[in-house]
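Colleague: I'd like to get to know this protein a bit better. Could we go through it together?

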Amino acid sequence: MKNRVEFLERDLAARRPPLHAVLGLAVGLALACSAPGWSQAQTYSVLYSFQCTPDGRYPLDPLVLDAAGNLYGTTSFGGASNFGTVFALSPSGTETILYSFTGGLDGKYPEGALLRDAAGNFISTTSSGGAFGHGVVFKLTPGGQETTLHSFAGRLTDGDTPLAGLTRDKAGNLYGTTGNGGNYNLGTVFELPVGGHEKLLHSFAPFGGDAQIANSALVLDAAGNLYGSSRQGGSFNAGAVYKIDPTGAESVLFSFDASDGKTPVGGVTLDASGNLYGTTIFDGGHVCGPGVNCGLVYSLSSTGQETLLHSFSGPPKDGAYPSATLLRSPLGTLFGTTGGGGSGPCIGGCGVAFSLNPAGEETILHAFTGYPGDGAGPDSGVTADKAGNLYGTTAAGGSTLGPDGQGCGTVYKITP
């Protein structure tokens with residue numbers, strides 16, 4: 001299974017290039033870029049610093065918050081067998097490992113965000129493991145009993161390597177994506193009906209300008225249409241935003257051409273008017289490394305018209321390489337993170353949390369400081385409570401040095 005681990009490591013590297021230095025980035029290449037406004041009104045605190053083993057490490061996706069203030073999430077590695085965990089964190093900062101994956105039929109390497117149902121069960125995916133070694137959809141009860149709902153069978157017959165969480169409709173049917181597998185091994189969109197068997201809605205294709213390698217979660221509108229983004233494919237092979245209608249027919253809404261964005265790894269956010277919001281890791285108007293721009297935030301109208309909302313300028317003042325799905329407030333403010341940029345000792349910066357108001361004005365909410373420090377590589381998006389506090393994770397940094405020398409990650413809170 002070495003190739004499966006290597007695939008996951010490549011995905012982690014693609015999601016946070018500054019930490020892994022896969023692009024040979026150098027600190028200081030973007031120091032002369034203009035700086036956004038720095039916020040003075042926020043308070044940042046580390047709620048928990050992961051210990052790697054037997055604790056978790058590399059939390060990569062947004063947290064789930066319950067009415068009592070408890071946070072829930074996954075770590076891609078760590079746990080009793082180093083195949084990842086599902087954890088809970090109390091308001092006082094006490095962590096509980098709800099489940100440690102064994103790497104067998106239960107799956108391994110969870111990267112997707114958790115869904116929580118009315119009974120308190122958690123549903124998500126693992127990127128590997130299961131009956132065929134290609135990942136699973138699992139359910140975890142509040143008491144820690146895990147059930148595999150589906151084991152992916154791989155290329156041609158099924159999807160392979162689900163790297164994102166799931167979306168649920170009002171009837172309880174689940175929808176998701178896989179990064180590989182399908183008819184052309186370029187990924188799939190699938191449905192898991194309540195009480196039924198999984199079916200492929202779409203296999204991404206290497207022709208016709210189709211999307212390819214869809215690693216992000218889907219969003220569902222009131223009419224039953226699904227929307228997502230793919231890191232490759234489209235007319236220019238720089239990534240695409242696509243739609244799946246209720247009949248299962250897929251269409252590409254927008255193809256990035258590298259001048260208007262490249263490699264959208266995070267998913268899209270939908271507003272009431274049908275506009276989509278997202279990020280691309282690369283391109284935009286500012287250079288962060290040899291042949292690499294720092295990334296951007298975009299909006300896409302219901303008719304497929306793209307608008308550039310913000311172009312990241314990189315360290316030391318702005319973020320770089322956004323790879324997480326955005327959170328949109330009812331007033332239209334966007335909240336997100338970037339895996340690089342900002343300050344700190346990390347190559348290319350340790351990342352930032354930011355907000356972007358409807359006028360396009362960016363505020364840096366926090367610049368991460370790495371290891372030893374308050375975290376690095378905040379690849380997950382943020383979650384908000386009713387008071388407007390933001391919660392998220394960093395993939396690395398914190399107080400405990402990990403086996404890769406980067407730190408095991410943190411859970412943090414930003415108070416307005």
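Here is a short chat about disulfides, strands and cores in this structure, which is a predicted model.

Colleague: How many disulfides does a search of the whole structure find?

Modeller: Let's go along the pairs. One bond links Cys-52 with Cys-408, another links Cys-288 with Cys-294, and Cys-346 is bonded to Cys-350. The search of the whole structure gives a total of three.

Colleague: If you number the bonded cysteines in sequence order, what is the pairing?

Modeller: Cys-52 goes with Cys-408. Cys-288 is joined to Cys-294, and Cys-346 to Cys-350. Written with numbers in sequence order, the pairing is 1-6, 2-3, 4-5.

Colleague: How many residues apart in sequence are the parts that Cys-52 and Cys-408 tie together?

Modeller: Cys-52 sits in the loop between strand E2 (43-49) and strand E3 (56-57). Cys-408 sits in the loop between strand E38 (390-394) and strand E39 (410-415). So the parts tied together by this pair are apart in sequence by 356 residues.

Colleague: Is the disulfide of Cys-52 and Cys-408 left-handed or right-handed?

Modeller: Look at the torsion about the S-S bond, which is about -105 degrees here. That value is why the disulfide of Cys-52 and Cys-408 is left-handed.

Colleague: And the disulfide of Cys-288 and Cys-294, is that left-handed or right-handed?

Modeller: For Cys-288 and Cys-294, the S to S distance is 1.8 Å. The torsion about their S-S bond is about 100 degrees, so this disulfide is right-handed.

Colleague: Is Cys-346 buried or exposed?

Modeller: Its bonded partner, Cys-350, has a relative accessible area of 0% and is buried. Cys-346 has 11% relative accessibility. Buried means under 20%, so Cys-346 counts as buried.

Colleague: Which strands stand at the edges of the open sheet of four strands?

Modeller: The order in that sheet is E2-E39-E38-E37, and the pairing is antiparallel. The strands at the edges each have a single partner strand, so one side of each is left without a neighbour in the sheet. Those edge strands are E2 and E37 (383-384).

Colleague: In E38, which residue is the bridge partner of Thr-383?

Modeller: E37 and E38 pair in the antiparallel sense, over two bridges. In E38, the bridge partner of Thr-383 is Tyr-391.

Colleague: Which residue in the turn between E29 and E30 has a positive phi?

Modeller: Strand E29 (residues 296-300) and strand E30 (residues 306-311) run antiparallel and are joined by five bridges. Tyr-298 stands opposite Leu-308 in E30, for instance. The two strands form a hairpin with five residues between them, and the turn residue with a positive phi, about 90 degrees, is Gly-304.

Colleague: Which strand gives the most residues to the largest nonpolar core?

Modeller: That core has 18 residues, and those with the most contacts inside it are Val-297, Tyr-321, Leu-326, Leu-334 and Phe-354. The elements that give two or more residues to this core are strand E35 (352-356) and strand E36 (362-367). The one that gives the most, with three residues, is E35.

Colleague: How many residues are in the other core that lies apart from that one?

Modeller: Among the members of this other core are Tyr-44, Ala-376 and Leu-390. Cys-346 belongs to this core as well, and Cys-346 is also half of a disulfide with Cys-350. The number of residues in this core is 13.

How values were computed: Residues numbered from 1 in each chain as written. Predicted model: local features only at pLDDT ≥ 70, side-chain atom pairs only at ≥ 80, totals over all residues. Heavy atoms only, no water. Disulfide = S-S within 2.5 Å. Buried < 20%, exposed > 50% of the residue type's maximum accessible area, 1.4 Å probe, protein only. Pairing = 2+ DSSP bridges. Core = buried A, V, L, I, M, F, W, Y, C linked by side-chain atoms within 4.5 Å.
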